[in-house]
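User: Hi! I would like a close look at one part of this model, and I would be glad of some context on the whole chain before we get there.

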Amino acid sequence: MTGTHTHSTTSREQYSPEARDVIFTVPNGISVLRIISIPVIAVLVSKHEMVVALIVIALSAMSDGLDGVIARKFNQVSKLGQILDPIADRLLIFCSILALGIAHVIPWWVLIVVGLRDLLMGVLIVMLAQHGYGPLPVHFVGKTGTALLMTAIVLLIFADIWRNPATLTLHLIALAICIWGIALYWLAGVIYAHQGLELIRNDNGQ
């Protein structure tokens, strides 16, 4: 019994980086602003206001890097921030893809495939939380998949600004990047599911 407890404690330390139980921090405020900007981006994209949408996305991307720097440099890493940051990333991807679908820039199956993966990850997060675990550490496959999807979204938005052979080619390249991003996105989901279910099994002493 003691061995199991020790193993569980070690697992918690590995998968839950040290963070404070604070809410009102500068990084958390920046993350909230990022989340608030997501519907704005989605509306702009759905209405083909692509130039303004790209500007807002650029500001959101800069704030994403800024909140991480502030959190680490000024010891403002918080448990809430560890949750808000990935939520902002997931919402930005999902809402951007939704808006691109409404704007008839991409097919609807992209939204369904991405949305289903995020739904399953949401269920996993709830299951882990019931066992006292925080968010799983981000895997490099997940980072790569997210980066490819965000690159594809930006390129798709940019390609929609003009209508010419060059932007049509860019559109096709962006779709190819999007498909690769989705594949890695799902692969990361499988990795996270394996890690999460293993933690839960260990916690149950199985």
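To set the scene, what percentage of the contacts in the protein chain with a separation of 6 or more comes from residues 24 or more positions apart? After that, please take me through the second largest pocket: which residues line it, and which elements give two or more residues to its lining?

Analyst: Happy to help! Please keep in mind that this is a predicted model. Residues 24 or more positions apart account for 82% of the contacts with a separation of 6 or more in the protein chain. The chain holds seven helices and zero strands, so its pattern along the sequence reads α-α-α-α-α-α-α. Of its 206 residues, 39% count as buried. The accessible surface is about 11600 Å², and carbon and sulfur atoms own 72% of that.

An unreviewed UniProt entry adds some background: its annotation "transmembrane region" covers residues 22-45, 51-70, 91-116, 136-158 and 170-193. Two of these stretches can be set beside the model. Residues 51-70 are 100% helix and 0% strand, with the end C-alpha atoms 29 Å apart. For residues 136-158 the figures are 83% helix and 0% strand, and the end C-alpha atoms lie 33 Å apart.

Now to the pocket itself. The second largest pocket contains about 170 Å³ of space. Its lining is made up of Ala-103, His-104, Val-105, Leu-156, Ala-159, Asp-160, Trp-162, Arg-163, Asn-164, Thr-167, Leu-168 and His-171. Two elements give two or more residues to this lining, α6 (140-159) and α7 (165-203). The largest share, three residues, comes from α7. Sorted by class, the lining has six nonpolar, four polar and two charged residues.

One of the lining residues, His-104, deserves a pause. His-104 sits in the loop between α4 (79-102) and α5 (108-130), and its phi is positive, about 60 degrees, although it is not a glycine. That is worth noting because most residues other than glycine have a negative phi. His-104 has a relative accessible area of 72%, so it counts as exposed.

A second histidine makes a handy comparison. His-48 also has a positive phi, about 65 degrees, without being a glycine, and it lies in the loop between α2 (26-46) and α3 (50-73). Its relative accessibility is 38%, so His-48 counts as partly exposed; the exposed class begins over 50%.

Definitions and conventions: Residues are numbered from 1 along each chain as its sequence is written. This is a predicted model: local features need pLDDT of at least 70, side-chain atom pairs count only at pLDDT 80 or more; totals for chains, interfaces and linings use all residues. Side-chain values use heavy atoms; hydrogens and water are left out. UniProt positions are given in the numbering used here, feature names are shortened, and annotations may be inferred rather than shown by experiment. Helices (H or I, at least four residues) and strands (E, at least two) are DSSP runs, numbered from the N terminus. On a 1 Å grid over the protein atoms alone, a cavity is a set of points where a 1.4 Å probe fits but cannot get out, and a pocket is an open set with protein on both sides within 12 Å along at least five of seven lines; lining residues have an atom within 4 Å of a point. Grid points are joined across faces, edges and corners, and a volume is the space filled by probe spheres set on the points. Ala, Val, Leu, Ile, Met, Phe, Trp, Tyr, Cys and Pro count as nonpolar, Asp, Glu, Lys and Arg as charged, and the others, Gly among them, as polar. Buried means under 20% relative accessible area, exposed over 50%, partly exposed in between (1.4 Å probe, protein chains only). Contact means heavy atoms within 4.5 Å. Accessible areas come from the Shrake-Rupley method with a 1.4 Å probe; for residues, only the protein chains shown count as cover.
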